[in-house]
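Visitor: Please take a close look at one part of this model. I would like a single connected account of how its elements are placed against each other.

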Amino acid sequence: MFNTTKRTKLAAGALAAAMLFSLPVGQAFGAAGKPAGAQYQAYQLEATQTKHVSYYKAGVTLPETIAWVTTKEDLTFLPAALTGDVTSAIKDADGVYWIGTTNGLQRVNFKEKDARDIVQYMAGPRYMYGGDDVVTGLASDGKGGVWVRTASGVTHIELRVKTIYEKTHVYEKLNDSVQDRRGMVTGTDYTFTPAPGETGIDFDKGAFTSNPKTDDNDGLWTSMYAIGEIFRYRTLKAEGANQSEIDAAKADAVRATKAVLLLDYVSGRGNGFPARSYMLTSENAAQTKTGDDYGYQSQNGFWFHHRVSVTDAVYATSNPIIPTMQRSDGVQPIGYSIVRVTKDSLKKSGGRLFPSGGTNVLNYNGLGLSQEAIDELNTTRPVGQKLGIDIKTKVDTVNGVPVYQVMPVITAKTNNNKADEDQTTSASNPPLFQLTVPVYERIPAFFNDLFPSSAIGTDGYIDMNQIVYKADTSSDEVAGHSALFFTAYQYLCDDLSDPQLAELKNYVVEATHRMANLILKNDHYYIEDATGKSTQWSRWLAKYFNDGTGVMQSQPQWSSKVGVDANGDDALSYGFEDGPLNALQLMAFLKTASTVTAEAYPLDSARYQAAYDMAFDGEYSKAEPYVNGKGYIRMAQEYIERRLIRQATNAYNNNNNIPVTRDNISYPDLSNDIDEEDKAQMDSNANATVHEDWTQYINYSDEELGWFPVYQLILQEQDQTKRAEIVAAFDQWYENEVREENPFYTFLYQLAHPELTTVDIASAVRYMYRMPEYLVSFPIQYNRQDVFFIENGDRDEDKQVNYALPTDERRVMKNNGNPFRTDDGVYSVDPNYNYTYKEMESGTIVTLPYWLGRYFGIIEEAK
């Protein structure tokens, strides 16, 4: 059996309403960016209370004015029978109750404007020193806050009145001191040094330092930050802010945009390939066990180290250039990049993509080399050392027959053996095969200012031999790059008399043009890598999503939303559930490419537009011959349907190939083959199938990724019919996103529906009001009685809460996580808890929606 795990709805009223509005690029906006004809009014923001916590270890000197209360006499609104776990309670001068318990602290204010904020819960190390939730004393600070004592220490929880705008200044400051790595921005570990004389930890009184490291999706996270900064720049400029503020916003936007653009040039391949990330050889993560390219690198991934020279002699020591990396314009390599010995380069063979694809290497989504690449590499290899014949790695067994591939690195240990890690390689014990890829061009000097002077060569260019870059780029990166290219082109590069912005615009155009041509090369619709085939995840070809769909739809099980072949076996392709997202991604990239290249490359721009228009041309392909891009809007509108099908098919597989119903539902027992995590997933699939609850099969990372193409499309598509189709696709995603009350999604939904005046902007604003200033990744206490707990989702092993908790009462997270999941809830009391070294998330989760919302007139700071 081939088993891979991974309702079209077009409401006439919503469709008609959506067709009344379009957001033509650069035309139909008001003073800032509010769509012309939009019916919504800006939500008026106000200053609200933000919790600021300071931490004091037991035994340190505290202010003598603290008057501890260890009784609960002030707690008069609850009967004594309900206060057994209360250890102390106070009613402050504002009539607010603070209630200490054996399980944390509660704040009760019956005067709160939002009923959801009347009771606020504080527990865990964010609020209780060292995660000691047994409160032994409370004291009002006389300013609306409270001192909280436990056996492990004391915390001071202040309630400071601030605007969201003021909070963004904190996020920007932390970005500069903690999260920025040569312009790239993501969460990272920090070290905090208290100011001299401080007896506790107050993040306002001291200094943050960090050593940011490479992240798997540097381009995506930095694109999000950059988009927010671009709208910050345009908002401040439109509102006539202080010039220094405008200049600072512009500088941050340009720096982050350049950092993302650099990823499109850092490989030196010259073909539009976007790297996932890069490191300098001086960084710890870039070190190998032996200090050279033959030793094992513990930082996993598909990494390449440049060996560049202006002479041909350097390149002569590399492998031949595989056909897909050869150039026909006569340009010769200036060097090559050699793959690092990592876990992935040794053994990442991936899963099979198509039920009909057999065991051909092209049917695996890993790093095995294409046969075409192998043939070229073998032209210079001696007899007895031929790849795929003498040197190969076992990656799979199908029907008792071993499957071999040529991985990017093959060692004596893995040769003709199972793919595995090998940390023993060195110059004296080098790999039997180590992939190389040509370098055709230097990194433009335009990016020099992102690097330390030690990385700039005497010739004025970045020393590429100090660069190690990560390949195997995913569609995540392409989604982020594309959205940023559009935003920078349309909103940042607004003054071409500014040489910096004019040059930046040229690079945006060139990077977009290159990447578009790479994706459309030979009509293959994927990002081509050094292996001679697609990267693992960056695919937009029709067969990837729909292999055998026509056959499955003819089977009786399809009526039960189960996708099987004529033998009754799971036949859903690997990319089946990714179809709706990737369809939108492709459409958005083509639309953006057409917009961005219109002036510089008008013929190619027209070609991209024609490819985009195909998405609205009839139905998508369900059998050979597959037509890439055709009818993709139909696929985009199957988001809910495809999740139901994948979920029901999983349940079918776990139910002895019988569709699961209320009458036959069963649950597996734990065994050697089924652990607790497996059982939780199988139970969730079965229950959700019976209830047709597709929200249990959500990939929250996909939700985040779905934002980028919708954002680009609704801001560019001027054809009302097409725009309505796009909005109808997004509406399916928003059916779950509305529960999250996240401004990232809510504000986009308002832009998609400018005719609506009923979008819940208040809840999205509350999300930002309640967000902590210091986004430290503390474990969270979920042992509370004000929620219902529901079953885990397909991708989670922890139970979920039935509604999204306020952002200062749950874990800090990017938008790619499940906000209902109760993970990170396990911790123990630690009187020596280290508050000076933790992980801190980037404030992008606030700054992007905040500045986008202000620019488009969805929210407005009170004057």
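Guide: **A helix pair and a small sheet**

The crossing of helices H8 and H9 is left-handed. This is a predicted model, and the axes of H8 (residues 475–492) and H9 (residues 499–520) come within 10 Å, crossing at roughly 145 degrees. From H8, the contact is made by Val478, His481, Phe485, Ala488, Tyr489 and Leu492. H9 contributes Leu501, Leu504, Lys505, Val508, Val509, Ala511, Thr512, Met515 and Ile519. By class, the residues of this contact are 12 nonpolar, two polar and one charged.

The model also has an open sheet of three strands, in the order S13-S12-S27, with antiparallel pairing. S13 (206–210) and S27 (837–840) are the edge strands, each with a single partner, so one side of each has no neighbour in the sheet. From one strand to the next, the twist averages 40 degrees. Strand S12 (residues 188–194) pairs with S27 over four bridges, in the antiparallel sense. Thr191 stands opposite Tyr837 of S27. Helix H2 (residues 164–179) packs on this sheet and touches S12, S13 and S27. The direction of H2 makes about 50 degrees with that of S13.

As for confidence, the mean pLDDT of the chain is 94, and 95% of its residues reach 70 or more. Residues 1–31 are a stretch where pLDDT stays under 50. For that stretch the model has 100 contacts beyond four places in sequence.

Note on methods: Residues numbered from 1 in each chain as written. Predicted model: local features only at pLDDT ≥ 70, side-chain atom pairs only at ≥ 80, totals over all residues. Heavy atoms only, no water. Pairing = 2+ DSSP bridges. Helix = DSSP H or I, 4+ residues; strand = E, 2+ residues; numbered from the N terminus. Axes fitted to C-alpha atoms, helices over the stretch in contact; angles between N-to-C directions. Contact = heavy atoms within 4.5 Å. pLDDT = per-residue confidence, 0-100. Left-handed = near helix turned anticlockwise from the far one by under 90°. Nonpolar A, V, L, I, M, F, W, Y, C, P; charged D, E, K, R; others polar.
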